[in-house]
Amino acid sequence: MCYRLFASQTRSRTSVRVLQRFHSILNHLCRAAGSKGGRGADECLLDSYLMVTIDVEADSDKNWGTPEVLTFRNVLEAIPNRLQPLFAQYGVKPTYLISPEVLHSADCCAVLRNLACCELGTHLHVEDIPPEVITVGPTCPRRGMQWECRPEIEQRKLQNLTRLFTDTFGSSPRSFRAGRFGVGHHTGKFLMELGYRVDSSVTPNVCWKSHGGTPFPDFTDARELPYWVAADGDLFNSGDSLLLEVPLTIGAPGSPLGAKGKSPVWFRPWYTPKKDLQHIVRKVARSKPEAGMRRPLVMMFHSMEVVAGASPYPQTKAEVEEYLDVLKAVFDMTAELGIKCCTLSEYWQQCCGATVQSKALYL
Ligand SMILES: [Zn+2]
């Protein structure tokens with residue numbers, strides 16, 4: 001019962017009673033710990049955190065095409081020489097979500113294995129791992145989504161990706177993101193079977209289209225705050241499993257996060273100007289807690305984006321510098337406002353730690 005930490009996102013009377021009971025338990029824990037418990041509607045059981053999540057793949061071209069011979073400047077150079085020093089300067093602990101072709105590169109794995117203060121997880125592009133591998137090349141950009149696979153094929157791809165990661169790094173991955181955010185209704189179940197704790201594939205206020213034109217996954221009405229996934233593993237529903245969905249921070253048009261136009265606003269460099277990213281940080285820092293939690297800031301980008309010409313985004317060295325300056329401006333502001341940073345798995349621990357304690361004490 002206690003796993004419904006964010007139960008305002010569910011509607012049943014039982015959930016409301018569970019939430020009330022949970023709040024009273026956590027209030028007691030807060031008082032016992034000497035903190036300011038019992039602040040009524042404004043009580044905050046879980047503070048805001050900044051999570052920087054980075055998809056790690058082979059270098060691309062400006063049309064998301066992949067060259068015949070893969071290159072990995074973004075892993076071999078950009079991550080250790082540009083991103084990690086920047087993150088260390090600001091105390092940011094990133095989560096790198098790694099695609100199969102990167103795991104097949106011994107040089108890349110040597111670099112990733114030596115990174116400090118970060119989490120490594122997995123990222124699935126269905127073209128890159130058996131069964132049913134599709135050849136990737138200049139004329140075949142990455143277009144598949146895992147929901148389009150038959151369930152047994154999607155399951156085997158996730159199993160193979162997870163085994164590859166575990167064989168490479170000697171530990172199991174805990175966090176996952178789907179390539180092109182293309183999760184389906186079975187994905188969460190497969191992730192739970194493989195021991196994952198966090199999925200971060202949900203992009204609220206956005207509906208994706210498959211290469212064939214099917215409008216799915218449709219996250220238009222998805223929850224914006226993290227939630228425990230339904231017991232059957234359907235990521236589109238909240239429930240009482242131990243798999244946590246951590247949606248990206250994307251403001252709806254007209255929302256307090258500052259989206260004035262008709263398009264959603266991503267908490268993502270290049271997509272969104274620096275001043276609007278800073279606006280999002282300020283809004284989140286000042287937001288009132290909902291169901292005992294303050295919403296987190298979940299940023300995503302690709303490590304290729306800090307290599308000129310290795311993604312559709314910065315094409316020159318000057319644009320890369322500008323991109324890094326935007327990141328610095330965001331981190332300056334989160335530091336100034338006292339927003340802490342953590343990885344996806346650490347966030348999972350924050351979410352369930354208090355819950356487990358309350359179970360031990362009261363049930
Ligand atoms: Zn990707």
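These legends describe close-up views of a predicted model.

**View 1. The whole chain, for orientation.** The chain has nine helices and eleven strands. Of its 363 residues, 44% are buried. Contacts reach far along the sequence. Among contacts with a separation of 6 or more, 68% join residues 24 or more positions apart.

**View 2. The largest nonpolar core.** This core has 79 residues. Met-51, Ile-98, Val-102, Phe-267 and Leu-297 have the most contacts inside it. Strand S1 gives the most to this core. S1 covers residues 49–56 and supplies six residues.

**View 3. The surroundings of Met-51.** Met-51 is one of the residues with the most contacts inside the largest nonpolar core. Residues up to four places away in sequence are left out of its list of partners here. Met-51 touches Thr-95 and Val-246. It also touches Pro-296, Leu-297 and Val-298. Its other partners are Cys-342, Thr-343, Leu-344 and Tyr-347. One of these partners, Leu-297, is likewise among the core residues with the most contacts.

**View 4. Val-102 in helix H3.** Helix H3 spans residues 100–103 and includes Val-102. Is Val-102 buried or exposed? It has 25 C-beta neighbours inside 10 Å, so it counts as buried; the cut-off for buried is 20 or more. Leaving aside neighbours within four places in sequence, Val-102 is in contact with Val-56, Glu-57 and Ala-58. Phe-72, Val-75 and Cys-108 are in contact with Val-102 as well. Val-56 belongs to the span of strand S1, residues 49–56. Leu-70 lies 32 residues from Val-102 in sequence. Their C-alpha atoms are 9.6 Å apart in space.

**View 5. Helix H7 against helix H8.** H7 covers residues 274–286, and H8 covers residues 317–336. Their axes come within 10 Å and cross at roughly 20°. That angle makes H7 roughly parallel to H8, because angles under 35 degrees count as roughly parallel. The crossing of H7 past H8 is right-handed. From H7, the contact takes Lys-274, Leu-277, Gln-278 and Val-281. These meet Val-326, Ala-329, Val-330, Met-333 and Thr-334 in H8. By class, the residues of this contact are six nonpolar, two polar and one charged.

**View 6. Helix H2 against helix H8.** Helix H2 spans residues 73–90. How do H2 and H8 pack? Their axes are 10 Å apart, at an angle of about 20°. H2 and H8 are therefore roughly parallel to each other. H2 passes H8 in a right-handed crossing. Arg-82, Leu-86 and Tyr-90 make the contact from H2. From H8 come Leu-324, Leu-327, Lys-328, Phe-331 and Ala-335. The contact of H2 with H8 has six nonpolar residues, no polar ones and two charged ones.

**View 7. Tyr-90 of helix H2.** Tyr-90 is found in H2 and takes part in the contact with H8. Which residues does Tyr-90 contact, leaving aside neighbours within four places in sequence? They are Phe-331 and Ala-335, both in the H8 side of the contact. Tyr-90 and Ala-335 are 245 residues apart along the chain. Their C-alpha atoms are separated by 7.4 Å. Tyr-90 is partly exposed, because 16 other C-beta atoms lie within 10 Å. Buried needs 20 or more, and exposed needs 12 or fewer.

Conventions:
Residues are numbered from 1 along each chain as its sequence is written. This is a predicted model: local features need pLDDT of at least 70, side-chain atom pairs count only at pLDDT 80 or more; totals for chains, interfaces and linings use all residues. A nonpolar core is a set of buried Ala, Val, Leu, Ile, Met, Phe, Trp, Tyr and Cys residues joined through C-beta atoms within 7 Å. Helices (H or I, at least four residues) and strands (E, at least two) are DSSP runs, numbered from the N terminus. Two residues are in contact if their C-beta atoms, placed from the backbone, lie within 7 Å. Axes are lines fitted to C-alpha atoms, for helices over the stretch in contact, and angles run from 0 to 180 degrees between N-to-C directions. Angles under 35 degrees count as roughly parallel, over 145 as roughly antiparallel, 65 to 115 as roughly perpendicular and the rest as oblique. A crossing is left-handed if the near helix is turned anticlockwise from the far one by less than a right angle, and right-handed if clockwise. Ala, Val, Leu, Ile, Met, Phe, Trp, Tyr, Cys and Pro count as nonpolar, Asp, Glu, Lys and Arg as charged, and the others, Gly among them, as polar.
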